[in-house]
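Hello,

Here is the structure I promised to pass on. Please open it first, then read my notes on the pockets and ligands below.

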Amino acid sequence: MAESTASTQLPRSPLPRHVAIIMDGNGRWAESRGLPRLDGHREGANSVRDVVRAARKIGLEALTLYAFSSQNWARPGSEVAGLMGLLRDYLIDERPEIMGNGIQLRAIGDIDRLPASVREPLDALSGDSAENSDMVLNLALSYGGRESIAAAAQRLAKRVAAGELDPRNINVDSFGAEMPTADVPGLDLLIRTSGEQRISNFLLWEAGYAELYFTDVLWPDFRKQALYDALEAYQARERRFGLTGAQIESGDLAP
Ligand code: IPE
Ligand code: IPE
Ligand code: MG
């Protein structure tokens, strides 16, 4: 029998190139233990660390994590402040691991809305990690999918108004090029934890042909093995992109 190594436990191909996660359930994790909600967010940061490490080791090209939505600003001020504090801690504490593992950290969303205490370590780490090329870690912060689409439409409209763009040239490719995820591989797998089956304004444009995976596991309990489970489920899917199963099987994709 072959000697057991760490790599034999890793899921086999086909691996998704780009995985995104709606990290939900921190509050319920804490409340079910009689703890303050912030304790759930704190434990959730440990899941982020574990999952980023596993994703990098497996060889994913891009991981996009929904950390704070445009709508989450409406939560109680104390929870928002606590989340911003944890975000700052994460960006400072994880810096050596991110730099040491060739991870390029980026942020998508309305970053200007974040407090300076978060923006400063975020700008520093995204600047310093910009040349890293082993994996892109996209943090969705103050992010909304509709907001992102509306902002792209506004940029295109400005170019039309300036006479730089012919409206007939607005199509799926040119519109997609305006999205903040334009230069990472297309989204292959979208995971949501905590049993909710909704998108909650996450990557609306990008999820057009992503496989969706919902699990009851709460985010603070979602660790490496839970990621492997999601990847295994992904590997059992047949992605057809509108074609027939026979076309996919034969590999004859010519029109
Ligand atoms: C997800 O956990 C984290 C954020 C939205 C910031 P929640 O805080 O939404 O946890 P639940 O859904 O209330 O359990
Ligand atoms: C989505 O979770 C946002 C993040 C995980 C950051 P929410 O808990 O905010 O979403 P809803 O309210 O269940 O739709
Ligand atoms: Mg939630």
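Which polar backbone atom is 2.9 Å from an oxygen atom of ligand 1? The atom belongs to Gly-27. Please keep in mind that this is a predicted model.

**Ligand 1**

Let me stay with ligand 1. It has 13 residues around it. Asp-24, Gly-27, Arg-28, Arg-37 and Arg-75 come nearest. Besides the Gly-27 backbone contact, there are two others to look at. A polar backbone atom of Gly-25 is 3.4 Å from an oxygen atom of ligand 1. In the side chain of Arg-75, an N or O atom is 2.7 Å from an oxygen atom of ligand 1. Alone, ligand 1 exposes 380 Å², and the protein buries 87% of that.

Ligand 1 sits in the largest pocket. Three elements, α1, α2 and α3, each give two or more residues to its shell. The largest share, 3 residues, comes from α1. By class, the shell around ligand 1 holds 3 nonpolar, 5 polar and 5 charged residues.

**Ligand 2**

Where does ligand 2 sit? Ligand 2 also sits in the largest pocket. Its surroundings are as follows: Ile-22, Met-23, Asp-24, Tyr-66, Ala-67, Phe-68, Asn-72, Arg-75, Arg-192, Arg-198 and Ser-200. Asp-24 and Arg-75 are on this list, and both are also among the residues that come nearest to ligand 1.

Three arginines put polar side-chain atoms by oxygen atoms of ligand 2. Here are the distances:

- Arg-198: a polar side-chain atom lies 2.8 Å from an oxygen atom of ligand 2.
- Arg-192: an N or O atom of the side chain is 3.2 Å from an oxygen atom of ligand 2.
- Arg-75: a polar side-chain atom lies 3.3 Å from an oxygen atom of ligand 2.

On its own, ligand 2 has 390 Å² of accessible area, and the protein covers 78% of it. Strand β2 gives the largest share of the shell around ligand 2, with 3 residues. The shell around ligand 2 divides into 5 nonpolar, 2 polar and 4 charged residues.

Arg-75 deserves a look from both sides. Its side chain has an N or O atom 2.7 Å from an oxygen atom of ligand 1. A polar side-chain atom of Arg-75 also lies 3.3 Å from an oxygen atom of ligand 2.

**The largest pocket**

Now the pocket that holds both ligands. It contains about 700 Å³ of space. Its lining has 31 residues. Met-23, Asn-26, His-41, Tyr-66 and Ala-67 lie nearest the centre of this pocket. Of these, Met-23, Tyr-66 and Ala-67 are also in the surroundings of ligand 2.

Which elements build the lining? At least two residues each come from α1 (26–31), α2 (37–58), β2 (62–69) and α3 (77–93). The lining of the largest pocket has 14 nonpolar, 9 polar and 8 charged residues.

**The second largest pocket**

The second largest pocket has a volume of about 260 Å³. There are 15 residues in its lining. Gly-176, Thr-181, Gly-186, Trp-205 and Glu-206 lie nearest its centre. Helix α7 (residues 172–176) gives the largest share of this lining, 3 residues. By class, the lining of the second largest pocket has 8 nonpolar, 5 polar and 2 charged residues.

**The cavity**

How many cavities of 30 Å³ or more does the structure hold? The count is 1. The volume of the largest cavity is about 30 Å³. Its lining consists of Arg-49, Val-52, Arg-53, Tyr-90, Glu-94, Glu-97 and Ile-98. Two elements, α2 and α4 (95–100), give two or more residues to that lining. Helix α2 supplies the largest share, 3 residues. The lining of the largest cavity comprises 3 nonpolar and 4 charged residues, and no polar ones.

Helix α2 turns up in several places. It gives two or more residues to the shell around ligand 1. It supplies at least two residues of the lining of the largest pocket. It also gives 3 residues to the lining of the largest cavity.

Best wishes

How values were computed
Residues are numbered from 1 along each chain as its sequence is written. Chains are lettered from A and ligands numbered from 1 in the order in which they are written. This is a predicted model: local features need pLDDT of at least 70, side-chain atom pairs count only at pLDDT 80 or more; totals for chains, interfaces and linings use all residues. Side-chain values use heavy atoms; hydrogens and water are left out. On a 1 Å grid over the protein atoms alone, a cavity is a set of points where a 1.4 Å probe fits but cannot get out, and a pocket is an open set with protein on both sides within 12 Å along at least five of seven lines; lining residues have an atom within 4 Å of a point. Grid points are joined across faces, edges and corners, and a volume is the space filled by probe spheres set on the points. Helices (H or I, at least four residues) and strands (E, at least two) are DSSP runs, numbered from the N terminus. Ala, Val, Leu, Ile, Met, Phe, Trp, Tyr, Cys and Pro count as nonpolar, Asp, Glu, Lys and Arg as charged, and the others, Gly among them, as polar. A residue is near a molecule or strand if one of its heavy atoms lies within 4 Å of it. A polar contact is a pair of N or O atoms within 3.5 Å; within protein, one must be able to donate a hydrogen and the other to accept it, and residues adjacent in sequence count only if both atoms are side-chain atoms. Accessible areas come from the Shrake-Rupley method with a 1.4 Å probe; for residues, only the protein chains shown count as cover. A molecule sits in a cavity or pocket if more than half of its atoms lie within 2 Å of its grid points.
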